[in-house]
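Biologist: Could you take me through one small part of this model slowly, as if I had never looked at a sheet before? After that, I'd love to hear how the rest of the model is put together around it.

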Amino acid sequence: MFRFLVRRILGAAVILLIISALVFVLFYAAPRDPARIACGKVCTPETLELVRKNLAISDPLPVQYWEWLKGLFVGRDYSSFGHCNAPCLGYSFQSREPVLDTILDRFPTTISLSLGAAVVFLTFGVGTGMLAAVKQGKALDKIASSASLIASSMQIYVVGVFATYLLVDQLHLLDRASYTPFTDNPGKWFSGLLVPWLVLSLIFTANYTRMTRSQMVESLSQDYVRTARAKGLSSRTVFFRFAWRGAMGPIVTIFGLDLGVLLGGAIITESTFSLQGLGMLSVKAVQNNDLPMLLGVVLVAAGAIVVFNIIVDTVYALIDPRVRLA
Amino acid sequence: MSTPFLSVRDLKVHFSTEDGIVKAVDGLSFDLEKGKTLGIVGESGSGKSVTNMAILGLHDPRNTALDGEILLDDKELISATEKELERLRGNKMSMIFQDALASLSPYHTIGTQIGETYRKHTGCSKKEARTRAIEMLRRVGIPQPDVRVDDYPHQFSGGMRQRAMIAMALVCDPELLIADEPTTALDVTVQAQIMDLLKDLQQEFGTAIIFITHDLGVIADIADDVLVMYGGRCVERGTKKEVLRAPQHPYTLGLLGSMPSLDGPVDVPLSPIPGSPPSLLNPPSGCRFHPRCTFADKVAGNRCSGERPLLEVVDGRGAACHLTPEQKRELFSDYAAARTH
Amino acid sequence: MSFSRRNFLIATSVAAAGSTVLSACSSGDAGGSGGTPSAGATEYTGAKVTVGTAADSTGPAPEIPGAKKGGTIYGLAPDDFSHLDPQRIYYAYNSTVALLLHRCLTGYKIDASGKQKLVGDLATDTGKASDDNKTWTFTLKEGLKWEDGSELTVEDVRHGFERSWAPFITEGADYAQRALTGKGGDWRDAYEGPYKGKHLDSIVIDKAKRTITFKLAESKPDFNFTLAMHSYAAVPVKMDTKEKYDKKPVASGPYKIKAHTTDKSMVLIRNKHWDPKTDSIRNAYPDGFEFRFGIETLDGVDRLIASQGDDAYGVSIYKGVPAERIQKVLTDPELKKRTFNGLLTGTYFYWINTKRVTDLKVRQALIHAWPLQQIRQIYGGPSAGDFATSVLSPDIIGYEKTDVYNKLKKPQGDPAAAKKLLKEAGKLGQKIVYAFPNDPTYNKTKVVIENALKAAGFTPVIKPLESTAYYDQVQQIDNSYDVMWGGWSPDWPTAYTMIQPLLDGDAIGNGKNNVSQTDVDWINEGIKKNAVIPDQQEAGKAWAALDKRIMEEVAPMIPETYQRRFYVYGNKVGGAQFDPNFSATLLYKTFVKA
C-alpha cells in the first residue's frame with residue numbers, strides 16, 4: 001500500500017510536470033502575445049518589452065519554464081509584483097493577484113458545487129438504477145430508462161436557465177444560484193447551490209441510472225449471486241451484499257473520474273449560474289491569454305483528476321480483494 | 001410404501017422467451033431416498049440443471065412457469081413461499097455449483113461465505129460461525145483452516161475452492177445435496193479426491209445426493225441410481241449397474257459410446273453422437289431423439305417421429321423407446337461390437 | 001472615448017452583447033418611466049459633440065427631475081475592472097468606474113438625450129490654446145479635494161501625466177506623451193518619470209494661479225479632448241503608491257472605494273470631500289455603488305429582468321442585452337420601459353489588404369458585393385445596428401453620411417455591379433482570402449459572405465483565425481489575407497482618432513492598425529493638414545471630405561455597421577442612460593427610485 005502510494009504519487013508528479021510543460025509550449029505555439037494585453041492600444045515595441053519584463057515573460061521559453069518550476073519550490077521574485085512565496089504559481093497577467101490565492105479562493109466554490117451535485121446524482125442515479133434493475137422489464141424500469149435517456153440529452157445551459165426562470169423567478173420556490181462560503185452561512189450556502197446542484201445532477205443522474213442498472217443486471221446474473229440465493233440468504237442481502245458489491249467497482253471508477261473532472265471546474269454549469277469556480281477561472285484565463293492563471297488552473301484540474309485516479313484505484317482494491325495495489 | 005425423501009412428480013419447467021415458450025423440463029418424475037445418490041446425466045440443455053434449480057426454487061419467477069409436484073420430506077416446494085424456501089436453502093437442501101471460482105463471491109472471505117450460511121440458519125454469533133467455518137474447512141481437508149478461513153476465493157487453488165464450496169453447502173448438515181457437475185473443471189486427481197470426500201460425507205450424515213454430470217465415468221463412481229435426460233425428458237432410468245451395463249435407450253448407448261473408457265483399449269476412437277441437441281423452443285415430434293437416432297428406421301410406421309414413447313418404469317427401471325427388447329438386444333450388441341473394433 | 005476591450009473582446013462583442021430584432025430606434029419614453037427624462041429615449045444615431053463654455057463647466061450638474069439622493073445602485077458585470085490606476089486605464093469598461101472615482105482636466109457633459117459637450121472637469125473651462133495650438137493652458141477650479149480632504153493641486157494634475165513614464169505603466173494612452181516630447185513612439189526615452197524627483201520640462205505649473213500649461217512639440221487643436229481620457233486623470237503626489245495604486249487609488253470624484261475583493265465585488269461609498277459645486281458633469285444621487293462581478297451576461301440580464309431583491313436596484317455596467325433576450329425585452333411593454341440603447345462608438349468594417357488586392361476596381365467590386373443586410377440579420381436585424389458606409393462613425397465631429405457605393409439602397413449586395421467592375425479589371429474569378437475570428441457569430445456571417453463573393457464572380461477562400469489571437473495575426477504586414485474582419489473605436493470624437501491610426505502610411509507595421517496597409521500621399525498629407533485646423537467644427541468638415549474621397553478613390557475597407565446595444569435595468573432604478581463615450585450605463589446619472 002505504501003509502495004503503491006509512493007509510486008503513484010511520483011507518477012502523478014511526472015504527469016503534472018509534463019502537462020505544465022505542454023501548456024507552456026502550446027500557449028506560446030498559438031500566435032498570440034500575452035504582453036499585448038497590458039500594452040496600450042498604440043503599442044510600441046519599447047512598451048511591449050517593458051510589459052514583458054513586468055510580466056516576467058521576456059526570457060526564452062525554457063528559461064521561463066525553469067523559473068516557473070523553480071518558483072513552485074523555492075518561491076520567486078518579480079520586478080513588478082515583488083516576492084512570491086513557494087509554492088509560487090506566479091501572478092495573474094489579468095488581475096495581478098497571486099495565482100495560488102485566486103485558485104484557493106475559487107476552489108471552495110467548485111468543491112461545494114461538485115460534491116453537492118455528486119451527493120444528489122449518486123443518491124438518485126444509483127437509487128433509480130437499482131430500482132430499475134430490480135424491476136427489470138417492468139414499467140418502472142422502462143420509465144427510468146427512458147427518463148434517463150432524455151435527461152442525458154439535455155444541455156446544462158438550457159436546463160439551467162429554464163430552471164432558474166421557473167423555480168426562482170416565476171414560482172419563487174428556490175433561491176437564485178450564488179455561492180456563500182459554508183463557514184459564513186450554511187443555510188445560504190445550501191440554498192444558493194441547490195439549483196446548480198439539481199441541474200448539474202440531472203445529466204449525471206441519468207448516466208448513473210443507466211450505468212447502475214446495467215451493472216446491477218449484469219451482477220445479478222453472476223454465478224456467485226445465484227450461490228448466495230442457494231445458501232438461503234434473503235433477496236435483500238443478496239441484492240446489497242453481493243450484487244451491489246459487484247456492481248460498485250465500475251461505478252466507483254466512473255464516479256472518481258467524474259468527480260476529478262468536476263473538481264477541475266464544471267465550466268458550463270459555473271458559467272450558466274455565474275458561479276466563480278475553477279471552471280470560470282480557466283475560461284477567463286484562456287480568453288485573457290493569462291498564462292500563469294491557466295497553468296495554475298490546469299495544474300489543479302489535472303491534479304484533481306490524477307489524485308482521484310489514485311483514490312479510485314485504492315477504493316477499487318478495497319471493494320475487490322482480487323485487485324492488488326502494487 | 002413410505003413416501004420417499006424427495007419425490008418429483010411430472011415436473012414441468014417452462015420459460016417464456018421473446019421467441020416463444022421453451023419447455024426446458026417437460027414432465028419429469030423421480031424419487032430419492034436418504035443416503036442414496038441419484039446421478040442425472042445428459043447433454044447441456046437437456047434440462048438437468050433446470051430441474052435442480054427448480055427444486056431449490058432458484059429459477060427466475062418473472063419468466064418461468066413451474067408445474068407438477070416436488071415433495072421434500074413431505075413438504076411441497078413448488079407452492080412454497082420465497083421465505084419458506086429461504087429457510088430450506090442452504091439448510092435442509094443445498095447445492096454445489098460447477099465453477100467454484102465464479103460461484104464464490106470474490107468480494108468476501110471464504111470464512112465469511114461459509115459462516116453466513118450457518119448464521120442465517122442457526123442465528124448464531126459471528127464468532128461461532130467462524131469457528132464452524134474453520135471446522136468445516138478442516139472437514140473438507142483444507143490445510144491450516146484457521147488461517148485459510150480469512151482468504152479470498154482467488155487465493156485458493158481450484159480444488160480447494162471446490163472443497164470450500166462443499167464446506168459451504170454442508171455447513172448446515174443438509175439432508176439433500178445437489179451437486180451440479182462439481183468436478184468438471186478439476187483435474188483427475190483432484191476430481192477423485194472430491195468424489196471421495198462427497199462419499200465420506202454422505203456416509204457420515206446420510207445425505208441424499210443428486211449428482212448432475214454429463215460424465216458417465218463419474219456416475220459409475222458415485223451414483224446408486226441413474227436418470228438419463230434428453231430434451232427435457234427422462235429417457236432412461238435404473239440402477240447404475242443396469243443403465244451402464246445394459247442401456248435400454250439408444251441415447252444412453254450413444255453416451256456410453258462417446259465416453260472414453262479408462263479400462264477399454266486406448267486406440268479406440270471416440271464416437272460422439274451425431275447431430276446437435278434438440279431445440280426446446282420447437283422440439284422434434286414424437287421421440288425427441290429420433291432425428292439423431294441410429295435406429296429410428298428400425299421401428300415400423302414412422303412411430304419414432306409420430307408418437308411419443310412412454311417411459312414405463314418397473315421397479316425403478318425403464319426406458320422411453322419404441323424399439324422392442326429383442327431389437328435392442330440385437331442392435332445394441334452390434335453397436336458395442338462395432339465400437340471395440 | 002476608447003475602444004471597447006481591444007483584441008478578442010471586440011471580436012466576440014457582437015455575439016455576447018449585440019442586440020437584435022425589431023426596429024431599435026423606438027421613440028418616446030423607452031428609457032424611464034414616470035416623467036423621468038431618460039437617454040436613449042429618442043432615436044439614437046450617434047452623440048452630437050460640441051465644445052462647451054466656462055459656464056457649462058461650472059457645477060453643480062443640472063438636476064435630473066424626479067431624482068433624489070440615497071440608496072445603493074448595484075452594478076452587475078461578468079468581469080472585474082482590470083485596472084483602477086487611472087494611468088493604466090484605457091479600456092472603456094474600466095472608464096465606467098473611473099468616471100465615479102477619477103477626474104481629468106476635461107470631461108464630457110452629457111444631457112438626457114445623449115448630446116454631449118466637452119467641458120472643464122478639474123479645469124474651469126476647456127483650456128486656452130495659443131501658439132498655433134501648441135501651448136495649452138488650464139486653470140483648476142477652486143475647492144477641489146482628494147478623498148482625505150487634502151487639496152487637489154496642479155502638482156497632482158501634472159503628476160498624472162508624469163506617472164505615465166513609470167515602467168509599470170504600460171496600458172494607458174500615449175497621445176499626450178508623444179505630443180509633450182515630440183519623439184513619437186520613443187517618448188519614453190525623453191524622460192525618466194517622476195520618481196527620481198525630475199519633472200517634465202514641457203509641463204509648466206503655477207501653484208498660486210492654479211494653472212497648468214502644456215507645451216506641445218506639435219500643433220494639437222484637439223488636445224483638450226485628449227485630456228478627457230482617464231489615462232490623464234490627476235493622482236496625488238503624496239499618496240502615490242506606485243504599483244499598488246492600481247489596487248487602491250485615491251478618489252477625486254464623488255465616490256471612493258470602501259472595499260474591493262478582486263473578481264468578486266467592489267463597494268463604493270460617497271467621497272465626502274467631493275464638492276458638487278466643482279463638478280458640472282456628475283450628479284451622484286446614490287449613497288453608494290456595489291459592483292458584483294462574475295455574473296455572466298445572460299444571467300445578469302435575467303436577474304435585471306426579474307428585479308428581485310437587490311437586483312431591482314441593478315444595472316448592467318457594460319454588457320448589453322444579448323441576442324437571446326432582446327426579443328423578450330423589446331416585446332414586453334413593461335420591460336421595454338426599463339431599457340435604453342445606443343450606438344457603440346466607432347465602426348465595424350473589413351480591411352482590404354491593398355498590398356495584395358492592388359486593383360482599385362477589385363476593391364470597389366468587393367464593397368459592392370458585400371452582403372451587409374444578410375450580415376446584420378445574423379447579428380440580429382435592424383436593432384443590432386445601422387449600416388456603415390464610410391470609415392468615420394456618426395459620433396465623430398463633422399461626420400457626414402455618404403453612400404459612394406449605394407450600400408444603403410442595396411444593402412443585400414450588388415453582384416451585378418461587382419461583376420461588371422471585375423470584368424473591367426480583367427479579374428473575374430479572382431481568389432479572395434477572407435479572414436475572421438473563429439467564433440460562432442462570424443462563422444455564420446462567413447457563409448453569407450462566401451455566397452455573396454461567389455455570386456459576384458470572386459473565388460472566396462475562407463480562413464477562420466483563432467479568436468483570442470485574431471488581431472495579432474491580421475496585424476502582421478506579411479499576412480496572406482485579402483479581406484479581414486475588424487472594428488475600430490476612436491479615443492475621442494474627432495476624426496483624427498479614426499483616420500490616422502487606420503489609414504496613415506506611418507501606421508503600417510506589425511502590430512499596428514493600418515491593416516489595409518494604405519499608404520497614399522494625399523491621405524497622409526490630408527491627415528497632417530486636417531489635424532491642425534483649430535476649429536473642431538471646421539476640421540470636421542475637412543475630415544468628412546477626406547473620408548468620402550478615401551472611399552471613392554482608395555476603397556481600402558468595406559464599412560459594415562455601427563452597432564447598437566440595448567441595456568436593461570432593475571425596476572427601481574431611475575436615470576439610467578447610455579454613455580456615448582464608453583458604450584455603457586452612465587452610472588453617475590442613475591438614482592434609486594422611491
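Modeller: Happily! Let's begin with a word we will need: two strands are said to pair if DSSP finds at least two bridges between them. Please keep in mind that what you see is a predicted model.

The part I have picked is strand β11 of chain C, which runs over residues 288-292. Is this strand mostly covered or mostly open? It is mostly covered, as 4 of the 5 residues of β11(C) are buried. Now look at its partners. Strand β10 of chain C, residues 265-270, pairs with β11(C) in the antiparallel sense over 5 bridges. Strand β2 of chain C, residues 72-76, also pairs with β11(C), in the parallel sense and over 5 bridges. Strands of a sheet can pair in either of these senses, and they do so through backbone hydrogen bonds.

You can find both pairings at one residue, C:Arg292. Opposite C:Arg292 stands C:Ser265, and C:Leu76 also stands opposite C:Arg292. If you click on C:Arg292 in β11(C), you can follow the pairing from there towards C:Ser265 and towards C:Leu76.

Now let's step back to the chain that holds this strand. Chain C has 17 helices and 23 strands. Its C-alpha trace spans about 70 × 55 × 40 Å along the principal axes. A compact globule of 594 residues would have a radius of gyration near 25 Å, and chain C, with 24 Å, agrees with that. Of these 594 residues, 62% count as buried. Many of its contacts join distant parts of the sequence: among contacts in chain C with a separation of 6 or more, 78% are between residues 24 or more positions apart.

Chain C also has neighbours to consider. Of the 2 pairs of chains that touch, A and C have the most contacts. Chain C brings 34 residues to this contact and chain A brings 32. On the side of chain C, the elements that give two or more residues are α7 (297-306) and α14 (470-474). The largest share comes from α7(C), with 4 residues. Sorted by class, that side of chain C has 14 charged, 10 polar and 10 nonpolar residues.

And chain B? Chain B and chain C do not touch, and their nearest C-alpha atoms are 48 Å apart. Chain B does meet chain A, where 24 residues of chain B are in contact with 18 residues of chain A. On the chain A side, α8 (223-230) and α9 (235-263) each supply at least two residues, and α8(A) gives the most, with 7 residues. By class, this side of chain A has 7 nonpolar, 7 charged and 4 polar residues.

Chain B offers another sheet to practise on. Here 4 strands form an open sheet in the order β2-β1-β4-β5, with antiparallel pairing. Its edge strands are β2 (20-32) and β5 (75-76) of chain B, and each of them pairs on one side only. Strand β4(B), residues 64-72, pairs with β5(B) over 2 bridges, in the antiparallel sense. In β5(B), B:Lys75 is the bridge partner of B:Leu72. Helix α1 of chain B, residues 48-56, packs on this sheet and touches β1, β2 and β4 of chain B; its direction makes about 75 degrees with that of β2(B).

Finally, look for the nonpolar cores. In soluble globular proteins, nonpolar side chains tend to be buried together. The largest nonpolar core in this model has 168 residues, and those touching the most other members are A:Val297, B:Ala164, B:Ala167 and B:Val228. Leaving aside neighbours within four places in sequence, the contacts of B:Ala164 are B:Leu104, B:Ile110, B:Leu137, B:Ile142 and B:Phe156. A second, separate core has 165 residues, including C:Ala306, C:Tyr313, C:Ile449 and C:Phe578.

When you go back to the picture, start again at β11(C), with β10(C) on its antiparallel pairing and β2(C) on its parallel one.

How values were computed
Residues are numbered from 1 along each chain as its sequence is written. Chains are lettered from A and ligands numbered from 1 in the order in which they are written. This is a predicted model: local features need pLDDT of at least 70, side-chain atom pairs count only at pLDDT 80 or more; totals for chains, interfaces and linings use all residues. Two residues are in contact if their C-beta atoms, placed from the backbone, lie within 7 Å. Ala, Val, Leu, Ile, Met, Phe, Trp, Tyr, Cys and Pro count as nonpolar, Asp, Glu, Lys and Arg as charged, and the others, Gly among them, as polar. Axes are lines fitted to C-alpha atoms, for helices over the stretch in contact, and angles run from 0 to 180 degrees between N-to-C directions. A nonpolar core is a set of buried Ala, Val, Leu, Ile, Met, Phe, Trp, Tyr and Cys residues joined through C-beta atoms within 7 Å. A residue is buried if 20 or more other C-beta atoms lie within 10 Å of its own, exposed if 12 or fewer, and partly exposed in between; C-beta atoms are placed from the backbone. The radius of gyration is taken over C-alpha atoms; the globule rule is 2.2 Å times the number of residues to the power 0.38.
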